[in-house]
Amino acid sequence: MKIIFLFLILILTGCGNESTEEILPPPVKVIQVGETLQTQTENFAGVVRGRYETNLAFQTGGKILSRNVEVGNFVRAGEILMQIDQKDAAQQLNAANAQVDSARASLNLAKSNFERYSQLFSENAISAAMLDQYKTSYENAVASYNAAVAQSKQFSNNLDYTKLVANSDGVISKINAEVGQVVSAGQTVLTLVQTSEFEIEIDVPENKLSEIEIGRIAEISFWANEDKILGSVREISPVADSVSRTYRTRISIPQNDKIQLGMTANAEFVSKKLNGYILPLSAIYQNSNTPQVWIVTDENKAALKNVTVENFSGNEVVVRGLSANDKVVVAGVHKLREGQDVRVLEVAQ
């Protein structure tokens, strides 16, 4: 009898433990969000150029006799770069000088006659009409002499124009004519780039043009070295290139001894900052057209909250619609239901 009684007690005790066993809420891993600033960047390939590039040309035509520079040579202001044949210019100058001598002789004669007849007029030996004739002859001689001198100076300048001289310090970037070639006045034969100020030249497509404005700051990096400098947009072409349909843009940069003409550069523009919240992509719950996330309330219950996706970046997503310090579930979002009790397993920042 005692054995049966003990057996019944054990059975009742076991049933009581089974009925009072606590069922815990499912654990969830959450992240506590904080407002952040999401930035976007735009990168453009560019080339180092000189701000001032001058196309050099002779001011008179002729046959090129000598070229004293090569592409890449550094030259000083006043240095002779090219020279054309001086024969024609020299002959023209000689003829002009002969005209000056002839005009000077005529002027001296006209002056002498005018002075002599002026003396005779003062003695009442000739009429006023005759004196006026010699005065006019003298004035014409003065004008002819001045014209001859001016023409002589012009041909003298033409003789100087047979020498192409650098207008400033710089580097020869292009040669468009060679020795033996006959060139006309104004025809570009050399390109001189001043080295006093460099710029970065980039091509901006039309769909990005609205994001680039005069004065905008860009971070410039170079393939040839690890230097990074800041530049400022100085000029944007108002007309698109006829072939590439891009807009040529110039970025001013500070002087740097490591930067050389023609170097490859990259211009990085930081876009306007977006206020939002960065979440793992696994936090997004979507079974309709509206993306949502599960948050854990202060009562440790699961609740859905609508969000707006702003941007994707790898395994992260930037969203709007949350509040600072919301606890967002980042794993197992498809196993939860609205109002369900949950147990926070881990809170990440």
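This is a short dialogue on reading a helix, a sheet and a loop residue in a predicted model.

Q: How are the residues numbered, and which pLDDT is needed?
A: Numbering starts from 1 along each chain as its sequence is written, and side-chain values use heavy atoms, with hydrogens and water left out. In this predicted model, local features need pLDDT of at least 70, side-chain atom pairs count only at pLDDT 80 or more, and totals for chains, interfaces and linings use all residues.

Q: What span does helix α2 reach?
A: Helices (H or I, at least four residues) and strands (E, at least two) are DSSP runs, numbered from the N terminus. The expected span is 1.5 Å times one less than the number of residues. Helix α2 (87-122) has 36 residues and reaches 52 Å from first C-alpha to last, close to the 52 Å expected.

Q: Which residues of α2 are buried?
A: An α-helix has 3.6 residues a turn, so residues three or four places apart point the same way. Buried means under 20% relative accessible area (1.4 Å probe, protein chains only). Among the buried residues of α2 are Ala89, Leu93, Ala96 and Val100.

Q: Which strands stand at the edges of the open sheet?
A: Strands of a sheet pair through backbone hydrogen bonds, either parallel or antiparallel. Two strands pair here if DSSP finds at least two bridges between them. The order is β8-β7-β5-β10, with antiparallel pairing. β8 (163-165) and β10 (182-183) stand at the edges, each with a single partner strand, so one side of each lacks a neighbour in the sheet.

Q: Is Asp326 buried or exposed?
A: Asp326 is buried, with a relative accessible area of 13%. Asp326 is found in the loop between β21 (316-320) and β22 (327-329).

Methods
Buried < 20%, exposed > 50% of the residue type's maximum accessible area, 1.4 Å probe, protein only.
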